[in-house]
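Trainee: Could you walk me through this one while I have it open in the viewer?
Mentor: Gladly, let me bring it up, and we can go through the helix packing together.
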Amino acid sequence: MTDPRDARNSRQLPDAAMWLIVCHPGMSAPELAVMLGTSANRVRDARYRFRRQGWSCRVAYVPCTACGEPVTVGGHVRRDRVYHSGCRPEARRRIQQGLDQRRWEQADIAERSRLLAKRLAYDEHYQALTRQAATRHGARWSREDDTILIEQEDTPDYELAQALGRSLRAVRGRQGKLRREQHGTTSA
């Protein structure tokens, strides 16, 4: 819970507070001030502004990070990280790729070598663990397996490999194939 003194000193009332003021024209300014944890003068100032300029909040329409379709957001949101709730897995993957790409580009040769060695060690370690525990090595991929890979895209690859009884490389290869099919870039 915020300290009422913080609300009294902040420069602009939040949208919810302004909406409450608009929806209760019959309440006195001191009553609303108590409800909002602000001063009566700020409520009076807001009402004066609404009479002169009308009430509105900042809204922006920005493309979804994943699908590119417009998303309605508040004007204060970072526009490079906006997505529909249904696009979350793909959007989070793209955002993380962008962060990783920037980190890679800003790294010097020594840092790049260290990052690459760390990634290769990770892959070798989990490939060995998942390969040893794989119970379905060489088995055909079922629709249920593909559904799990699609729906749990945010789950780490080694956890998916363990759950499906596959190796890390098998899971990554299948995920790549499913992504290419989803985006229509399969090669014959």
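Mentor: Before we begin, helices here are DSSP runs of H or I with at least four residues, numbered from the N terminus, and please keep in mind that this is a predicted model.
Trainee: Okay, so in which helix is Asp 123?
Mentor: Asp 123 sits in helix H6, which covers residues 109-133.
Trainee: And is Asp 123 buried or exposed?
Mentor: Asp 123 has a relative accessible area of 16%, and because the cut-off for buried is under 20%, Asp 123 counts as buried.
Trainee: What does Asp 123 touch, leaving out residues up to four places away in sequence?
Mentor: With those set aside, Asp 123 touches Leu 168 and Arg 172, and both of these also appear on the H9 side of the contact between H6 and H9.
Trainee: Then how do H6 and H9 pack, in terms of angle and axis distance?
Mentor: Their axes are 7 Å apart and the packing angle is about 110 degrees, so H6 and H9 are roughly perpendicular to each other.
Trainee: Which residues meet there?
Mentor: From H6 there are Arg 119, Tyr 122, Asp 123, Tyr 126, Gln 127 and Thr 130, and they meet Leu 168, Arg 169 and Arg 172 in H9. Sorted by class, the residues of this contact come to three nonpolar, two polar and four charged.
Trainee: What about H6 against H8, at what angle do they cross?
Mentor: The axes of H6 and H8, the latter being residues 157-164, cross at roughly 10 degrees and come within 10 Å, which means that H6 is roughly parallel to H8. On the H6 side the contact involves Tyr 122, Tyr 126 and Thr 130, while H8 brings in Tyr 158, Ala 161 and Gln 162. Four of the residues in this contact are nonpolar and two are polar, with no charged ones.
Trainee: Where is Ser 167, and what is it in contact with beyond its neighbours within four places in sequence?
Mentor: Ser 167 is in the loop between H8 and helix H9, and apart from those neighbours it is in contact with Gln 127, Thr 130, Arg 131, Ala 134 and Ala 161. Ser 167 has a relative accessibility of 10% and counts as buried.
Trainee: Switching to the N-terminal part, how do H2 and H3 cross?
Mentor: Helix H2, residues 15-23, and helix H3, residues 29-36, have axes that come within 11 Å and cross at roughly 150 degrees, and they are therefore roughly antiparallel to each other. The crossing of H2 past H3 is right-handed. Ala 17, Leu 20 and Ile 21 of H2 make the contact with Leu 32, Met 35 and Leu 36 of H3, and by class these are six nonpolar residues, with no polar and no charged ones.
Trainee: And Pro 25, is that buried or exposed?
Mentor: Pro 25 lies in the loop between H2 and H3 and is exposed, with a relative accessible area of 65%. Pro 25 and Arg 47 are 22 residues apart in sequence, and their C-alpha atoms are 8.8 Å apart in space.
Trainee: Last one, how many helices and strands does the whole chain have?
Mentor: The protein chain has nine helices and two strands, and from the N terminus on the elements run α-α-α-α-β-β-α-α-α-α-α. Of its 188 residues, 27% are buried.

Technical notes:
Residues numbered from 1 in each chain as written. Predicted model: local features only at pLDDT ≥ 70, side-chain atom pairs only at ≥ 80, totals over all residues. Heavy atoms only, no water. Axes fitted to C-alpha atoms, helices over the stretch in contact; angles between N-to-C directions. Parallel < 35°, antiparallel > 145°, perpendicular 65-115°, else oblique. Left-handed = near helix turned anticlockwise from the far one by under 90°. Contact = heavy atoms within 4.5 Å. Nonpolar A, V, L, I, M, F, W, Y, C, P; charged D, E, K, R; others polar. Buried < 20%, exposed > 50% of the residue type's maximum accessible area, 1.4 Å probe, protein only.
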